[in-house]
Amino acid sequence: PTGAKLVINEIDYDQVGTDSGGFVEIANVGTSAASLDGIAVVLVNGGDGAEYDRQALTGSLAAGAYLKIDVEAQNGAPDGFALIDTATKALVDALSYEGEITAATIDGQTYSLVEGTALPASIADSNTVDGSLSRIPDGTDTNNAASDWAFTQTKTPGAANVASP
């Protein structure tokens with residue numbers, strides 16, 4: 001795509017043993033730098049659709065660059081992430097995992113965190129196998145979660161995603 005295009009690119013929300021070291025990775029898959037001012041990563045509880053954590057971003061992200069954001073996301077069924085432009089209230093990108101969140105409430109607005117066909121609940125981060133949910137191929141955003149996301153055993157925070165069994 002021409003211009004800046006931010007996507008949620010990789011998520012590690014469930015770790016083997018005690019959950020720690022979780023992250024979400026944002027990628028700029030566009031051709032120019034993206035301003036992060038006013039952009040927020042919002043974590044949503046699927047039980048009630050409510051926001052439970054937020055990371056405000058600042059600065060800029062170069063074309064083709066990645067940003068790792070340390071967050072400890074819930075690993076219930078379902079839960080989700082949204083990338084929100086807080087100035088315009090636009091939903092930049094989203095992922096609902098381990099089920100569908102179609103009515104998330106963020107800043108008084110309601111959003112669906114499902115893009116196209118929902119990611120099947122069976123495609124999930126694992127608490128028995130180290131890995132993450134990643135866009136495979138790296139940065140792919142067809143607005144269809146079921147085809148854009150996969151579990152991979154190779155975590156790549158801050159770098160291009162790699163498919164591995």
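**Figure 1. Strand S2 and its partner S7 in the predicted model.** In this predicted model, strand S2, residues 23-28, is joined to S7 by five bridges, and the two run antiparallel. To find your way along the pair, look for Phe23, which sits opposite Asp70 of S7. Phe23 also has a counterpart in S1, where Asp12 stands opposite this residue of S2.

**Figure 2. Strand S1, up close.** Is S1 buried or exposed? Seven of its seven residues (6-12) are buried, so this strand is largely enclosed by the rest of the structure. S1 pairs with S2 in the antiparallel sense, over six bridges. S1 also pairs with strand S12 (residues 132-135), again antiparallel, with two bridges. The contact point to look for between S1 and S12 is Ile11, which stands opposite Leu133.

**Figure 3. The five-stranded sheet as a unit.** Put the pairings together and you get an open sheet of five strands, in the order S7-S2-S1-S12-S13, with antiparallel pairing. Which strands stand at the edges? They are S7 (66-70) and S13 (149-152); each has a single partner strand, so one side of each is left without a neighbour in the sheet. Going from one strand to the next, the twist averages 30°.

**Figure 4. The Tyr13-Tyr97 ring pair.** Two aromatic pairs turn up in this model. In the Tyr13-Tyr97 pair, the ring centres are 3.9 Å apart and the planes lie at 25°; with planes under 30 degrees apart counting as stacked, this pair is stacked. The pair also links distant parts of the chain: Tyr13 is in the loop between S1 and S2, while Tyr97 belongs to strand S9 (residues 90-97), 84 residues apart. As for solvent, Tyr13 counts as buried at 1% relative accessibility, and Tyr97 counts as buried at 0%.

**Figure 5. Phe81 joins the group.** Here Tyr97 appears with another ring, that of Phe81: the centres are 6.0 Å apart and the planes are at 35°, so the pair is tilted. Phe81 is in strand S8 (residues 79-85) and Tyr97 in strand S9, so the pair ties together parts that are 16 residues apart in sequence. Phe81 is buried too, with a relative accessible area of 0%. Taken together, Tyr13, Phe81 and Tyr97 make up one aromatic cluster.

**Figure 6. A cis peptide bond ahead of Pro137.** Most peptide bonds are trans. The bond from Ile136 to Pro137 is cis, with omega near -5°. Where does Pro137 lie? You'll find Pro137 in the loop between S12 and helix H1 (145-148).

**Figure 7. Two residues with positive phi.** Most residues other than glycine have a negative phi. Asp107 is not a glycine, yet its phi is positive, at about 50°. Asp107 is in the loop between strand S10 (104-106) and strand S11 (109-111). With a relative accessible area of 36%, Asp107 is partly exposed. Asn143 is not a glycine either, and has a positive phi of about 60°. Look for Asn143 in the loop between S12 and H1, the loop that holds Pro137. Asn143 is partly exposed, and its relative accessible area is 46%.

**Figure 8. Stepping back to the whole chain.** For context, the chain has one helix and 13 strands. Reading from the N terminus, the elements run β-β-β-β-β-β-β-β-β-β-β-β-α-β. The radius of gyration is 14 Å, close to the 15 Å that the globule rule gives for 165 residues, so the chain is as compact as a globular protein of that length. Along the principal axes, the C-alpha atoms fill a box of roughly 40 × 35 × 30 Å. How much of the chain is buried? Of the 165 residues, 45% count as buried. If you take contacts between residues at least 6 apart in sequence, 58% join residues at least 24 apart. The accessible surface comes to about 6,800 Å², and carbon and sulfur atoms account for 51% of that surface.

How values were computed:
Residues numbered from 1 in each chain as written. Predicted model: local features only at pLDDT ≥ 70, side-chain atom pairs only at ≥ 80, totals over all residues. Heavy atoms only, no water. Pairing = 2+ DSSP bridges. Helix = DSSP H or I, 4+ residues; strand = E, 2+ residues; numbered from the N terminus. Axes fitted to C-alpha atoms, helices over the stretch in contact; angles between N-to-C directions. Rg over C-alpha atoms; globule rule 2.2 N^0.38 Å. Buried < 20%, exposed > 50% of the residue type's maximum accessible area, 1.4 Å probe, protein only. Contact = heavy atoms within 4.5 Å. Areas by Shrake-Rupley, 256 points an atom, 1.4 Å probe, with all protein chains shown as cover. Phe/Tyr/Trp six-rings, centres within 6.5 Å; stacked < 30°, edge-to-face > 60°.
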